[in-house]
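The report below takes up one buried side chain, a helix pair, a pocket and some backbone features in turn. Please read it beside the sequence and the coordinates.

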Amino acid sequence: MNTLWTDFVNSEWHDWRGSGRSEDRLLKPEWQNDFLIQWQFSAPVPASAEDIEEMQILRRELRSFAEHLTSGGQMTSDLVDTINRKMIEGGPVTRLLKQQDEHFNIVLEPVANGWKKVLAEVVADFAQAFVNSGGSRIRICDNTDCRWVFYDDTRNRSKRFCDDKMCGNLMKVRRFRERKKQ
Ligand SMILES: [Zn+2]
């Protein structure tokens, strides 16, 4: 199942067919644009170097947490801190503003930079997925060439591959060939 946070993490793409090719799609303005449209956000495209760096750091953190989790780990206090910090950074800000007629108003303003808001939504989506399943539905594709992160929404939590028709089939064919060789 494609979700906001998995879509974000999977912007680091690895060729699932095993060519060893990989690509950081986050760097591409086309990816940034499609991502914003798909999840209905607005932010500057191309993203600034600073935004990109912040996104790459968060992405690395979420991916390594998914790896930690799928090998039996628990939630870490570091990640809890990151999530809460991102939510604050991307949330609206309450400000006291002087109006033209000398009156003061309290206004709720969105954060200036759209990408900070996007990242706040990404961590909120991840946090929701974690809370909903206690982390037990967060998976990494069993095809080690692919490494796609996904949310397993099957009833018995048995999904092993990002896509049974692609990675699932490829692994089936590989196992078959291995057996034949032996
Ligand atoms: Zn896969």
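## Surroundings of phenylalanine 130

Not counting residues up to four places away in sequence, phenylalanine 130 touches Phe65, Leu69, Met75, Gly135 and Ile138, where contact means heavy atoms within 4.5 Å. This is a predicted model, in which local features need pLDDT of at least 70 and side-chain atom pairs count only at pLDDT 80 or more, while totals for chains, interfaces and linings use all residues. Residues are numbered from 1 along each chain as its sequence is written, and side-chain values use heavy atoms, with hydrogens and water left out.

Phenylalanine 130 lies in helix H5 (residues 114-133); helices (H or I, at least four residues) and strands (E, at least two) are DSSP runs, numbered from the N terminus. Phenylalanine 130 counts as buried because its relative accessibility is 17%, the classes being buried under 20% relative accessible area, exposed over 50% and partly exposed in between (1.4 Å probe, protein chains only). Tyrosine 151 is 21 residues from phenylalanine 130 along the chain, and their C-alpha atoms are separated by 9.7 Å.

## The pair H3 and H4

The axes of helix H3 (residues 49-70) and helix H4 (residues 77-90) come within 11 Å and cross at roughly 145 degrees; axes are lines fitted to C-alpha atoms, for helices over the stretch in contact, and angles run from 0 to 180 degrees between N-to-C directions. On the H3 side the contact is made by Glu54, Leu58, Glu61, Leu62 and Phe65, and on the H4 side by Asp78, Leu79, Thr82, Lys86 and Glu89. By class, this contact of H3 with H4 has four nonpolar, one polar and five charged residues, where Ala, Val, Leu, Ile, Met, Phe, Trp, Tyr, Cys and Pro count as nonpolar, Asp, Glu, Lys and Arg as charged, and the others, Gly among them, as polar.

Glycine 90 is also found in helix H4, and glycine 90 is buried, with a relative accessible area of 4%. Leaving aside its neighbours within four places in sequence, glycine 90 is in contact with Val111, Lys116, Lys117 and Ala120. Glycine 90 and glycine 114 are 24 residues apart in sequence, yet 8.2 Å apart in space, C-alpha to C-alpha.

## The largest pocket

The lining of the largest pocket is formed by Asp7, Asn10, Ser11, Arg25, Glu30, Trp31, Asp34, Phe35, Gln38 and Trp148. A pocket is here, on a 1 Å grid over the protein atoms alone, an open set of points where a 1.4 Å probe fits, with protein on both sides within 12 Å along at least five of seven lines, and lining residues have an atom within 4 Å of a point. Helix H2 (residues 29-38) gives the largest share of this lining, five residues. By class, the lining of the largest pocket has three nonpolar, three polar and four charged residues.

## Backbone features

Most residues other than glycine have a negative phi, and most peptide bonds are trans. A cis peptide bond, with omega about 0 degrees, joins valine 45 and proline 46, and proline 46 is found in the loop between H2 and H3. Two residues that are not glycine have a positive phi, as tabulated here.

| Residue | Phi | Place | Relative accessible area |
|---|---|---|---|
| Glutamine 40 | about 55 degrees | loop between H2 and H3 | 72%, exposed |
| Glutamate 102 | about 75 degrees | loop between strand E3 (93-98) and strand E4 (104-109) | 52%, exposed |
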